[in-house]
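Colleague: I would like to go through the reasoning behind some of the labels. Please show me the model.

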Amino acid sequence: QVQLVESGGGLVQAGGSLRLSCAASGRTFSISAMGWFRQAPGKEREFVTAIRWSGANIYYTEPMKGRFTISKDNAANTVYLQMNSLKPEDTAVYYCAAATTYGGSSSRYYTGATYDCWGQGTQVTVSS
């Protein structure tokens with residue numbers, strides 16, 4: 001099992017930046033990819049971005065591309081989400097997730113069901 005702990009959330013004004021961190025522990029050797037998802041009040045969970053644990057493949061959705069950047073430090077078992085030019089609509093609980101299965105199409109990394117380990121979430125609030 002992999003344990004995940006997010007940090008770095010908070011309150012920021014529109015146009016500001018935040019950097020989220022997600023530290024993994026436990027069976028980190030089993031990680032194939034790590035992703036960030038978010039869920040706003042009254043809305044479904046939404047994919048933000050993901051990164052393959054080995055190599056450098058990164059997956060984004062178009063609305064996030066250019067403002068959000070995912071990166072990783074394998075030695076520290078940590079993944080980061082740099083969020084710039086934040087908007088009030090970015091307000092949500094942000095979750096880190098780890099996938100521990102391999103194979104299949106890369107499109108599966110956009111889907112929450114692919115990830116079997118989840119962090120507790122960190123609140124990001126963007127004021128207008």
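Modeller: What follows covers the cysteines and one arginine in this predicted model.

Colleague: How do you know that Cys22 and Cys96 form a disulfide?

Modeller: Their sulfur atoms are 2.0 Å apart. The cut-off is within 2.5 Å, so the pair counts as a disulfide. The structure holds one such link. Cys22 sits in strand β3 and Cys96 in strand β9, 74 residues apart, so the bond joins distant parts of the chain.

Colleague: What is the handedness of the link of Cys22 and Cys96?

Modeller: Left-handed, with -80 degrees about the S-S bond.

Colleague: Why is Cys22 called buried, and why Cys96?

Modeller: Buried means under 20% relative accessible area. Cys22 has 0% relative accessibility, so Cys22 counts as buried. Cys96 also has 0%, and therefore counts as buried.

Colleague: Why is Cys117 too far from the closest cysteine sulfur for a bond?

Modeller: The closest cysteine sulfur belongs to Cys96, 9.8 Å from that of Cys117. A disulfide needs sulfur atoms within 2.5 Å, so 9.8 Å is too far for a bond. Cys117 is at 3% relative accessibility and therefore counts as buried.

Colleague: What makes Arg27 partly exposed?

Modeller: Its relative accessible area is 45%. Partly exposed covers the range between under 20% and over 50%, so the label applies. Arg27 lies in the loop between β3 and β4.

Colleague: Which residues does Arg27 touch, leaving out those up to four places away in sequence?

Modeller: Gln1 and Val2. Arg27 and Val2 are 25 residues apart in sequence, but 5.2 Å apart in space, C-alpha to C-alpha.

Note on methods: Residues are numbered from 1 along each chain as its sequence is written. This is a predicted model: local features need pLDDT of at least 70, side-chain atom pairs count only at pLDDT 80 or more; totals for chains, interfaces and linings use all residues. Side-chain values use heavy atoms; hydrogens and water are left out. Helices (H or I, at least four residues) and strands (E, at least two) are DSSP runs, numbered from the N terminus. Buried means under 20% relative accessible area, exposed over 50%, partly exposed in between (1.4 Å probe, protein chains only). Contact means heavy atoms within 4.5 Å.
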